[in-house]
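Me: Please take a close look at the backbone of this model where its torsion angles call for comment. I should then like the account to continue to the surface and the interior.

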Amino acid sequence: MLAEAFVANPLHISAFGPQRIDQNRSFFRIGLRHMFTGQAFVALADDKVRGYIHFNASPNCLPAPEEIPLVVTTLLKPLGEAIPQIIKWFARWCHLDPEEPHVHLGPIGVAPDAQGQGIGTALMYRYIEHLKQERSAGYLETDRLPNIEFYKKFGFVVQREEQLIGTPTWYMWRPRNK
Ligand SMILES: CC(C)(COP(=O)(O)OP(=O)(O)OC[C@H]1O[C@@H](n2cnc3c(N)ncnc32)[C@H](O)[C@@H]1OP(=O)(O)O)[C@@H](O)C(=O)NCCC(=O)NCCS
């Protein structure tokens with residue numbers, strides 16, 4: 001489901017190529033087993049997973065920069081030719097990860113045929129509830145312009161914008177106690 005949700009996202013196209021559902025599946029399998037180690041929630045409809053959200057408290061929300069070479073030579077091996085792009089992508093995200101304590105959002109994805117029906121919003125409310133309970137700031141990266149408006153509805157503001165592996169990327173922050 002995550003592979004289908006993200007296959008057309010610009011960062012995924014830059015790293016894996018267009019319509020590389022196979023590469024996206026491998027990528028998310030690795031993520032689900034080894035990287036998405038915080039809290040995760042799924043949205044179910046008729047017993048099928050239609051949406052997924054993961055969030056994790058800093059400073060353990062991304063691999064530490066010094067861990068990246070090990071991750072590459074072991075976990076990412078199935079991704080072959082995409083590895084150099086993935087290294088640039090995650091090294092940059094790790095480098096920019098704010099020092100200020102936060103709960104890092106990502107990934108959030110909804111099955112393509114279920115988008116625009118409120119599932120993403122429902123998952124976001126669960127995350128915002130957690131931020132309020134923990135009195136924590138929120139942080140995320142995104143590569144799609146329409147997502148910016150979506151996240152602004154939940155109190156996020158754009159902190160930085162840049163090109164990353166050939167695609168615009170936005171970094172968004174939600175202050176604590178909002
Ligand atoms: C972004 C995403 C999680 C939103 O989930 P969703 O279930 O489609 O969102 P909702 O139906 O709750 O809300 C849609 C709202 O967000 C906006 N939106 C953003 N991306 C959208 C999309 N691809 N389809 C429909 N609406 C989208 C709409 O303007 C809509 O606003 P409205 O409520 O004023 O009509 C989902 O579209 C998705 O999985 N996209 C692909 C993967 C992705 O980009 N994930 C986020 C990476 S940072």
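**Backbone, surface and interior**

Reply: Pro 59 is placed in the loop between β2 (48-57) and α4 (68-73); helices (H or I, at least four residues) and strands (E, at least two) are DSSP runs numbered from the N terminus. The model is predicted, so that local features need pLDDT of at least 70 and side-chain atom pairs pLDDT 80 or more, whereas totals for chains, interfaces and linings use all residues. Numbering starts from 1 along each chain as its sequence is written, and side-chain values use heavy atoms, without hydrogens or water.

The peptide bond leading from Ser 58 into Pro 59 is cis, with omega near 5 degrees. A cis bond also links Gly 106 to Pro 107, where omega is about 0 degrees; Pro 107 belongs to strand β3 (residues 102-110).

The loop between β1 and β2 holds Asp 46 and Asp 47. Neither is a glycine, yet phi is positive: near 50 degrees for Asp 46 and about 65 degrees for Asp 47. Asp 46 is exposed because its relative accessible area is 77%, and exposed means over 50%, buried under 20% and partly exposed in between (1.4 Å probe, protein chains only). Asp 47 likewise counts as exposed, at 76%.

Leu 44 sits in strand β1 (residues 39-45) and counts as exposed because its relative accessibility is 57%. Together with Val 42 and Val 49, Leu 44 makes a nonpolar surface patch of about 260 Å² (Shrake-Rupley areas, 1.4 Å probe; residues over 30% relative accessible area without a salt bridge, nonpolar side chains joined within 5 Å and like charges within 9 Å; a salt bridge is a Lys or Arg side-chain nitrogen within 4 Å of an Asp or Glu carboxyl oxygen).

Turning inward, there are two cavities of 30 Å³ or more (sets of points on a 1 Å grid where a 1.4 Å probe fits but cannot get out, lined by residues with an atom within 4 Å of a point; a volume is the space filled by probe spheres set on the points). The largest has a volume of about 100 Å³. Its lining includes Phe 27, Met 35, Ile 68, Leu 76 and Phe 90, and α3 (21-35), α4 and α5 (83-96) each give two or more residues to it. That lining comprises ten nonpolar, no polar and no charged residues. The second largest cavity encloses about 40 Å³; Phe 27, Met 35 and Leu 76 are among its lining residues, as is Gly 31. Its lining has six nonpolar, one polar and no charged residues.

How values were computed:
1 Å grid on protein atoms, 1.4 Å probe; cavity = no way out; pocket = protein on both sides within 12 Å on 5 of 7 lines; lining within 4 Å. Nonpolar A, V, L, I, M, F, W, Y, C, P; charged D, E, K, R; others polar.
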